[in-house]
Amino acid sequence: MMDDDIMASMNQEPIKEYARGAIKRIQLHNFLTYNDVEIVPGPRLNCIMGPNGTGKSSVVCAIAIGLGAHAKVLGRADNLAEFIRTGEDESFIEIDLYNGAGKKKRCNDNTS
C-alpha cells in the first residue's frame, strides 16, 4: 500500500473516506473455515491473499450471502445450512456498509 508521501509525490490525495455502499466490516461466526473472525477492509482496493485452504473463498461467499445471494449462485452448496462450520448448529454473517456521513448500514444473515 502506498504511503502519504508517495501519494503526494504522485500529486494525488490519499483516499481516507469510504464510498457510499462500501463494506466497512465483515464478521463471521461458524462460517465454513472460520470460528470467529472480524475483517475490516480499507476504503480503497483490498486483496484477500493466502495459501490454498485458508478461507479466501469463504470470505467471498460470506460477502455474497450476507448481501443477499442465494447459495446455489455460488456453485458451492445447494442451501445455506451447508455453509455452517462442520460440527456447529448455527452460523452468522454481519456486514457493515458505509452509508455516508459516518453512518453504517448493517446486513445480517443468520443461518441455522
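Colleague: Does Leu32 count as buried or exposed, and at what relative accessibility?

Modeller: In this predicted model, Leu32 has a relative accessibility of 16% and counts as buried, because the limit for that label is under 20% relative accessible area. Leu32 belongs to the loop between E1 and E2, and its phi is positive, at about 45°, although it is not a glycine.

Colleague: Why would one remark on a positive phi in a residue other than glycine?

Modeller: The general idea is that most residues other than glycine have a negative phi, so a positive value departs from what most of them show. In this structure Asn30 is another case, with a phi near 55° in a residue that is not a glycine. Asn30 lies in strand E1 and, at 7% relative accessibility, it too counts as buried.

Colleague: Which residue follows H2, and what is its phi?

Modeller: That residue is Gly68, and its phi is positive as well, near 110°. Gly68 is itself a glycine, whereas the general statement about negative phi concerns residues other than glycine.

Colleague: Which residues of H2 are buried, and how should I read their places around the helix?

Modeller: The buried residues in H2 are Ser58, Val59, Cys61, Ala62, Ile65 and Gly66. To read such a list, one looks down the helix axis and asks how far around it the buried residues spread; in H2 they fall within an arc of 165°, so they line one face of the helix.

Colleague: Turning to charged side chains, how many salt bridges does the count come to?

Modeller: The count comes to three salt bridges, and a useful way to read them is to ask which partners they share. Salt bridges with shared partners join Arg25, Glu38, Glu94 and Asp96 into one network, and Arg25 takes part in the bridge with Glu38, in the one with Glu94 and in the one with Asp96.

Colleague: Where does Arg25 lie, and is it buried or exposed?

Modeller: Arg25 has its place in strand E1, and at 10% relative accessibility it counts as buried, since the limit is under 20%.

Colleague: What are the N to O distances of its salt bridges, and which parts of the chain do they link?

Modeller: Let us take each pair in turn. The side chains of Arg25 and Glu38 meet at 3.1 Å, N to O, and this pair links distant parts of the chain, with Arg25 in strand E1 (residues 23–31) and Glu38 in strand E2 (residues 34–39), 13 residues apart. With Glu94 the N to O distance of the Arg25 bridge is 2.7 Å; because Glu94 lies in strand E3 (residues 91–98) and Arg25 in strand E1, the pair ties together parts that are 69 residues apart in sequence. Glu94 is buried, with a relative accessible area of 17%. The bridge between Asp96 and Arg25 has an N to O distance of 3.0 Å, and since Asp96 lies in strand E3 while Arg25 lies in strand E1, that pair ties together parts 71 residues apart in sequence. Asp96 is buried, as is Arg25.

Colleague: Which side chains does a polar contact of 2.8 Å join?

Modeller: A polar contact of 2.8 Å joins the side chains of Arg25 and Gln27. The side chains of Arg25 and Glu38, described above as a salt bridge, are also joined by a polar contact, of 3.1 Å.

Colleague: How many aromatic pairs are there, and how should I read them?

Modeller: There are two aromatic pairs, and each is read from the distance between ring centres together with the angle between the planes. Tyr18 and Tyr98 form a tilted pair, 6.3 Å centre to centre with 35° between the planes; Tyr18 lies in the loop between helix H1 (4–9) and E1, and Tyr98 in strand E3, so that distant parts of the chain, 80 residues apart, are linked. Both Tyr18 and Tyr98 are buried. Phe31 and Phe83 form a stacked pair, 5.7 Å centre to centre with 10° between the planes, an angle that earns the label because planes under 30 degrees apart count as stacked. This pair also links distant parts of the chain, with Phe31 in strand E1 and Phe83 in the loop between helix H2 (56–66) and E3, 52 residues apart, and both Phe31 and Phe83 are buried.

How values were computed. Residues are numbered from 1 along each chain as its sequence is written. This is a predicted model: local features need pLDDT of at least 70, side-chain atom pairs count only at pLDDT 80 or more; totals for chains, interfaces and linings use all residues. Side-chain values use heavy atoms; hydrogens and water are left out. A salt bridge is a side-chain nitrogen of Lys or Arg within 4 Å of a carboxyl oxygen of Asp or Glu. Helices (H or I, at least four residues) and strands (E, at least two) are DSSP runs, numbered from the N terminus. Buried means under 20% relative accessible area, exposed over 50%, partly exposed in between (1.4 Å probe, protein chains only). A polar contact is a pair of N or O atoms within 3.5 Å; within protein, one must be able to donate a hydrogen and the other to accept it, and residues adjacent in sequence count only if both atoms are side-chain atoms. Rings of Phe, Tyr and Trp (its six-membered ring) pair if their centres lie within 6.5 Å; planes under 30 degrees apart count as stacked, over 60 as edge-to-face and the rest as tilted. The arc is that of the directions from the helix axis to the C-beta atoms.
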